[in-house]
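Q: Please take a close look at a single strand in this chain. Where do its side chains point, and what does it pair with?

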Amino acid sequence: MSALTIEGWCKPDNAQKSTPLGEIHFYVDNPLHLRLEEAEERLQKTHEQDAMVDVDMNTMDLVLPEGYSPLSDCRMRVYLQHGRGQFHLVGHRASDGSLIYSNAVLIDQLL
């Protein structure tokens, strides 16, 4: 299991730009890691732009800065950059639907 602490961003529906929200902390367990790798392989074969991977909120131990949780939904967006798979957390704040997301991480950097 990989513990990640990554810079996060918030973009309300009517906003032109995202604003930093602080650090997002979560775990990527082995089943999620495998699903991320499978999505990366699928993108390499199909040349799709990106893929969304469902997460188990019970195992990822998501911690958001105060005022940004809970999320109404949460997934990992996988995409390729220079042939390498990257992912980032994507969700929506339950209180107002604002987009919440993290900076990207290389899939092959996970333990």
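A: A residue is called buried here when its relative accessible area is under 20%, and exposed when that value is over 50%. The model is predicted.

The part chosen is strand 3, which covers residues 50-54. Its side chains alternate between two faces. Ala51 and Val53 point to one face, and both are buried. Asp50, Met52 and Asp54 point to the other face and are not buried. In a regular strand, side chains take turns between the two faces of the sheet.

Strand 3 has a partner in strand 4, made of residues 71-81. The two run antiparallel and are joined by five bridges. Within this pairing, valine 53 stands opposite methionine 76 of strand 4. Val53 is also one of the buried residues of strand 3.

The setting is the chain as a whole. The chain holds two helices and seven strands, and from the N terminus their order is β-β-α-β-α-β-β-β-β. Buried residues account for 40% of the 111 residues. Of the contacts between residues at least 6 apart in sequence, 48% link residues at least 24 apart.

For overall size, the C-alpha trace spans about 40 × 30 × 20 Å along its principal axes. The radius of gyration is 14 Å, which agrees with the value near 13 Å for a compact globule, because that is what 111 residues would give.

On the outside, the chain exposes about 6,500 Å², and 47% of this comes from carbon and sulfur atoms. There are 9 positive and 17 negative side chains, with the centres of the two sets 7 Å apart.

Conventions: Residues numbered from 1 in each chain as written. Predicted model: local features only at pLDDT ≥ 70, side-chain atom pairs only at ≥ 80, totals over all residues. Heavy atoms only, no water. Helix = DSSP H or I, 4+ residues; strand = E, 2+ residues; numbered from the N terminus. Rg over C-alpha atoms; globule rule 2.2 N^0.38 Å. Buried < 20%, exposed > 50% of the residue type's maximum accessible area, 1.4 Å probe, protein only. Contact = heavy atoms within 4.5 Å. Areas by Shrake-Rupley, 256 points an atom, 1.4 Å probe, with all protein chains shown as cover. Lys, Arg positive; Asp, Glu negative; His and termini not counted. Charge placed at Lys NZ, Arg CZ, Asp CG, Glu CD. Pairing = 2+ DSSP bridges.
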